[in-house]
Amino acid sequence: MQEFLESIQYSEFGLWVAGGDTIFAYPTILALHTLGLGIVVGMSAIIDCRVLGMARSVPLSDLKRLFRVMWWGFALNATTGVVLFIAAAADKAYQEIFYVKLAFIALALMTATRIRRTVFGGTTDAGRPMPPNARMLAVASLVLWMGAIVSGRLMAYTQTF
Amino acid sequence: MATFVTWLRDTPVSQAFRVPLEWLWPLCESFHFLGLALVIGVAGFFDLRLLGFMRWIPIRKAAEFLPLAKTGFAINLTTGLYFFIASPFQYSFNIAFWYKVTALVIAVANAAVFELMLKSRAAVLRDDEDVPLSFKIVGTLSMLAWLNVLYWGRMLPFWSPPGGGADL
């Protein structure tokens with residue numbers, strides 16, 4: 001395992017990302033990762049807050065497309081996340097908080113999928129009442145994304161190198 | 001400037017922020033990123049609507065989500081102030097910080113133009129009406145400005161001057 005992690009971290013690509021003499025390497029990839037975070041959590045916040053009662057004049061069905069925007073943001077972050085991992089594989093793989101972050105993201109995505117299915121399901125319209133667990137799912141979604149942000153931030157404090 | 005920064009660093013508040021309140025730093029950073037998501041996500045959503053995307057949502061209704069972006073902004077102004085007070089040298093002599101502040105001023109001024117001059121027009125805009133050019137200009141400026149705030153904020157640690165250590 002250690003051998004594999006080091007082989008990707010010290011591959012030509014990994015070294016370029018970590019120390020390439022261009023702003024397009026680490027700094028820009030990190031900035032894109034942050035932009036993706038804004039898209040994913042921002043869209044999620046809009047959806048969750050609408051479910052919790054904000055902006056009631058906007059029909060739920062009008063916001064359904066935001067899930068698609070959210071998935072594009074997630075695709076950006078999955079991609080940049082893998083690249084950032086490669087650049088520091090042998091260190092990040094041993095950070096417990098990294099796995100906590102991944103768990104939060106997995107749970108948040110599962111919650112988003114459930115909200116889309118149960119609250120925004122095909123027949124949902126402005127007149128149809130929300131399922132009883134909708135508010136709980138929305139709160140869970142907000143808490144889980146916050147957990148992902150906090151654990152992501154903490155990764156910077158528990159680095160071993 | 002150096003005089004002010006040195007004075008700020010030596011104030012009891014600044015010292016307390018570094019020790020014993022150093023645990024506030026990662027906490028404030030986490031909230032700063034939450035605020036970032038609210039500003040980028042919600043303001044970005046509204047800017048796209050101003051540009052003419054998602055026409056099925058009337059602008060005045062999309063605006064009902066703006067308090068979320070404003071909350072994010074308030075969170076980030078507060079936590080940002082904490083960072084600056086706790087570590088003034090790290091920021092004052094960092095060119096990325098001044099780019100960020102410039103973009104921030106533009107973004108806020110642009111939002112004020114919308115609030116004070118265009119919002120009343122959005123309220124009476126018919127749902128099927130085309131987006132006025134002024135809305136598109138404000139929306140474009142807003143997106144560019146906030147993206148610059150994010151980008152230069154993210155660049156802060158990479159442009160950190162040697163003098164940043166003077167905070168400690």
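Modeller: A helix here is a DSSP run of H or I with at least four residues, and helices are numbered from the N terminus. The model is predicted. Along its sequence, chain B reads α-α-α-α-α-α-α-α.

Biologist: What makes up the secondary structure of chain B?

Modeller: Eight helices and zero strands. A strand would need an E run of at least two residues. The C-alpha atoms of chain B fill a box of roughly 60 × 25 × 25 Å along the principal axes. Of its 168 residues, 49% count as buried.

Biologist: How do you know what confidence the predictor has in chain B?

Modeller: From pLDDT, which runs from 0 to 100. The mean for chain B is 93, and 97% of its residues reach 70 or more. The model scores ipTM 0.93 and pTM 0.93.

Biologist: How many disulfides are there, over all chains?

Modeller: Zero. A disulfide is a covalent bond between the sulfur atoms of two cysteines. To be counted, two cysteine sulfur atoms must lie within 2.5 Å.

Biologist: What places A:C49 and B:C28 on the accessibility scale: are they buried or exposed?

Modeller: Buried means under 20% relative accessible area. A:C49 has 15%, so A:C49 is buried. B:C28 has 11%, so B:C28 is buried as well.

Biologist: Why are B:F97 and B:W98 called an edge-to-face pair?

Modeller: A pair of aromatic rings is described by the distance of the centres and the angle of the planes. Over all chains the count is 23 aromatic pairs. In one of them, B:F97 and B:W98 have ring centres 5.0 Å apart and planes at 80°. Pairing needs centres within 6.5 Å, and edge-to-face needs over 60 degrees. Both conditions hold, so the pair is edge-to-face.

Biologist: Which accessibility class does each of these two residues fall in?

Modeller: B:F97 has 15% relative accessibility, so B:F97 counts as buried. B:W98 has 36%, which lies between the cut-offs of 20% and 50%. Therefore B:W98 is partly exposed.

Biologist: How do you know the class of the pair B:Y151 and B:W152?

Modeller: The test is repeated. The centres are 5.2 Å apart and the planes meet at 85°. The angle is over 60 degrees, so this pair is edge-to-face. B:W152 has a relative accessible area of 16%, so B:W152 is buried.

Biologist: Which residues do ring pairs link into a cluster?

Modeller: B:F17, B:W25, B:Y82 and B:F83.

Biologist: Why is the peptide bond from B:V19 to B:P20 worth a remark?

Modeller: Most peptide bonds are trans, and most residues other than glycine have a negative phi. The bond from B:V19 to B:P20 is cis, with omega near 10°. B:P20 sits in the loop between helix 2 (12-18) and helix 3 (24-51) of chain B.

Biologist: What sign does phi take at A:A55 and at B:M54?

Modeller: Positive at A:A55, near 50°. Positive at B:M54, about 50°. Neither A:A55 nor B:M54 is a glycine. A:A55 lies in the loop between helix 3 (26-51) and helix 4 (66-87) of chain A. B:M54 lies in the loop between helix 3 and helix 4 (59-62) of chain B. A:A55 has a relative accessible area of 8%, so A:A55 is buried. B:M54 has 14%, so B:M54 is buried too.

Biologist: What makes a void a cavity, and how many of 30 Å³ or more are there?

Modeller: In a cavity a 1.4 Å probe fits but cannot get out. The search finds one of 30 Å³ or more. The largest cavity has a volume of about 60 Å³. Its lining is B:R49, B:P58, B:I59, B:R60, B:A122, B:L125, B:R126, B:D127 and B:E129. By class, that lining has four nonpolar, no polar and five charged residues.

Biologist: Which residues lie nearest the centre of the second largest pocket?

Modeller: B:L66, B:K70, B:A107, B:A111 and B:W146, out of 19 lining residues. The volume of this pocket is about 370 Å³. A pocket is an open set of points, whereas a probe cannot get out of a cavity.

Biologist: Where does the lining of that pocket come from?

Modeller: Helix 3, helix 5 (66-86), helix 7 (95-124) and helix 8 (133-155) of chain B each supply at least two residues. Helix 7 gives the largest share, seven residues. The lining has 14 nonpolar, two polar and three charged residues.

Note on methods. Residues numbered from 1 in each chain as written. Chains lettered and ligands numbered in written order. Predicted model: local features only at pLDDT ≥ 70, side-chain atom pairs only at ≥ 80, totals over all residues. Heavy atoms only, no water. Buried < 20%, exposed > 50% of the residue type's maximum accessible area, 1.4 Å probe, protein only. 1 Å grid on protein atoms, 1.4 Å probe; cavity = no way out; pocket = protein on both sides within 12 Å on 5 of 7 lines; lining within 4 Å. Points joined across faces, edges and corners; volume = space filled by probe spheres on them. Nonpolar A, V, L, I, M, F, W, Y, C, P; charged D, E, K, R; others polar. Phe/Tyr/Trp six-rings, centres within 6.5 Å; stacked < 30°, edge-to-face > 60°.
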